[in-house]
Amino acid sequence: MLQQFKKRKKTIAILAVILIFLIIIIFFLKNNDKNLKIGNTKSNKSIEDIEEYILNLSSYEATVAVTVVSNKNENKYVLSQKYVAPNISKQIVLEPENIAGLETTYDGNNLTIYNAKFNLSKIYESYESFTNNDLSLEAFIADYRQNKEDNSNKCYEENNEFVLECTSKKENDYRQNKKLYVKKETGNPCKMVIQDVNEKNVVYILYNEITINSIKENDILAFKTIETEAELY
């Protein structure tokens, strides 16, 4: 009888080990399935997902190459841009050399223009029109939101990218139609094209680097000591 008891105890112990082993396997299978689903969701975003992601971004930081085309010439710039919703922004000219270091900072009410080369600044109080800066991503979002109300926006796929297209309601024939190209894999903007009323490309913006929803207001409005405050022009 003692031998039968030992045998039964040994069987129970073996079954317990098997049960624990099965629980571990099931746990890892579920976890891997969950990770697989998450991965598939990330790499297979729908255009509705992309649209919602762009329209609801809380901040972004980008380095952009801008080409502005007019009837007479073509000008190129490299800019550093930062934005925190709803209306805090900074733009720094990195190139060309003759205006490099020129900063424009908007704190939601006042616009500050700062020349880093000469450590000079000019403040424009209660300034509103800086929010109409067509070179910024937030200006595109504002136009897109406004047009969304009358269903005049367009969303489509082109060359493995999603395109969000809208028409500016500002009275500006030179910069009328806007197209934002977004990478399907990441949901991040890769370029923006602005056209005039004749659908001619007049502004081309390439997002060389962009990080979304990673900066705070203090990253833009950090205190800076300016030794001399004077008129820039």
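A residue counts as buried under 20% relative accessible area, as exposed over 50%, and as partly exposed in between. Keep that cut-off at hand for the exercises below, which work through a predicted model.

**Exercise 1. Two asparagines with positive phi**

Task: Find where Asn119 and Asn159 lie, and decide for each whether it is buried or exposed.

Solution:
- Step 1. Start with the backbone. Asn119 has a positive phi of about 55 degrees although it is not a glycine. Asn159 is also a residue other than glycine, and its phi is positive, near 50 degrees.
- Step 2. Place them. Asn119 sits in the loop between strand 5 (111-115) and strand 6 (120-124). For Asn159, look in the loop between strand 7 (154-158) and strand 8 (161-167).
- Step 3. Apply the cut-off. Asn119 has 16% relative accessibility, so it counts as buried. Asn159 has 70%, so it counts as exposed.

**Exercise 2. Reading the sheet**

Task: Work out the strand order of the sheet and say which strands stand at its edges.

Solution:
- Step 1. Trace the order. The eleven strands of this open sheet follow 6-5-4-3-2-1-11-10-9-8-7, with antiparallel pairing.
- Step 2. Go to the two ends. Strand 6 and strand 7 each have a single partner strand, so one side of each is left without a neighbour in the sheet.
- Step 3. Add the twist, which averages 20 degrees from one strand to the next.
- Step 4. Check one pair in detail. Strand 1 (residues 59-69) and strand 2 run antiparallel and are joined by eleven bridges. Val66 has Tyr77 as its bridge partner in strand 2.
- Step 5. See what packs on the sheet. Helix 2 (residues 47-55) touches strand 7, strand 8, strand 9, strand 10 and strand 11, and its direction makes about 60 degrees with that of strand 8. Helix 3 (residues 137-148) runs at about 70 degrees to strand 8 and lies across several strands, including strand 1, strand 2 and strand 3.

**Exercise 3. Strand 10 and its two partners**

Task: Describe how strand 10 is joined to strand 9 and to strand 11, and how many of its residues are buried.

Solution:
- Step 1. Take the strand 9 side. Strand 9 (residues 177-183) runs antiparallel to strand 10, and six bridges join them. Val182 pairs with Pro189 of strand 10 as its bridge partner.
- Step 2. Follow the chain between them. Five residues separate the two strands of this hairpin, and Gly187 in the turn has a positive phi of about 80 degrees.
- Step 3. Take the strand 11 side. Five bridges join strand 10 to strand 11 (residues 201-212), again antiparallel. Here Lys191 has Leu206 as its bridge partner in strand 11.
- Step 4. Look at the turn that follows strand 10. Strand 10 and strand 11 form a hairpin with five residues between them, and Glu199 in the turn has a positive phi of about 60 degrees.
- Step 5. Count the cover. Six of the seven residues of strand 10 (residues 189-195) are buried.

**Exercise 4. Two cis prolines**

Task: Locate the cis peptide bonds that lead into Pro86 and Pro96.

Solution:
- Step 1. The bond from Ala85 to Pro86 is cis, with omega near 5 degrees. Pro86 belongs to the loop between strand 2 and strand 3.
- Step 2. The bond from Glu95 to Pro96 is cis, with omega near 10 degrees. Pro96 lies in the loop between strand 3 and strand 4 (102-106).

**Exercise 5. A cavity and a pocket**

Task: Characterise the linings of the largest cavity and of the second largest pocket.

Solution:
- Step 1. Begin with the cavity. The model has one cavity of 30 Å³ or more, and the largest cavity has a volume of about 60 Å³.
- Step 2. List its lining. Ten residues line the largest cavity, and Ser89, Gln91, Asn133, Ser136 and Glu138 lie nearest its centre. Strand 3 gives the largest share, three residues.
- Step 3. Sort them by class. The cavity lining has two nonpolar, five polar and three charged residues.
- Step 4. Turn to the second largest pocket, with a volume of about 260 Å³. It is lined by 13 residues, of which Gln91, Val93, Ile99, Leu102 and Thr104 are the closest to its centre.
- Step 5. Trace the sources. Strand 4 supplies the largest share of this pocket's lining, three residues.
- Step 6. Sort again. The pocket lining divides into nine nonpolar, two polar and two charged residues.

Conventions. Residues numbered from 1 in each chain as written. Predicted model: local features only at pLDDT ≥ 70, side-chain atom pairs only at ≥ 80, totals over all residues. Heavy atoms only, no water. Buried < 20%, exposed > 50% of the residue type's maximum accessible area, 1.4 Å probe, protein only. Helix = DSSP H or I, 4+ residues; strand = E, 2+ residues; numbered from the N terminus. Pairing = 2+ DSSP bridges. 1 Å grid on protein atoms, 1.4 Å probe; cavity = no way out; pocket = protein on both sides within 12 Å on 5 of 7 lines; lining within 4 Å. Points joined across faces, edges and corners; volume = space filled by probe spheres on them. Nonpolar A, V, L, I, M, F, W, Y, C, P; charged D, E, K, R; others polar. Axes fitted to C-alpha atoms, helices over the stretch in contact; angles between N-to-C directions. Contact = heavy atoms within 4.5 Å.
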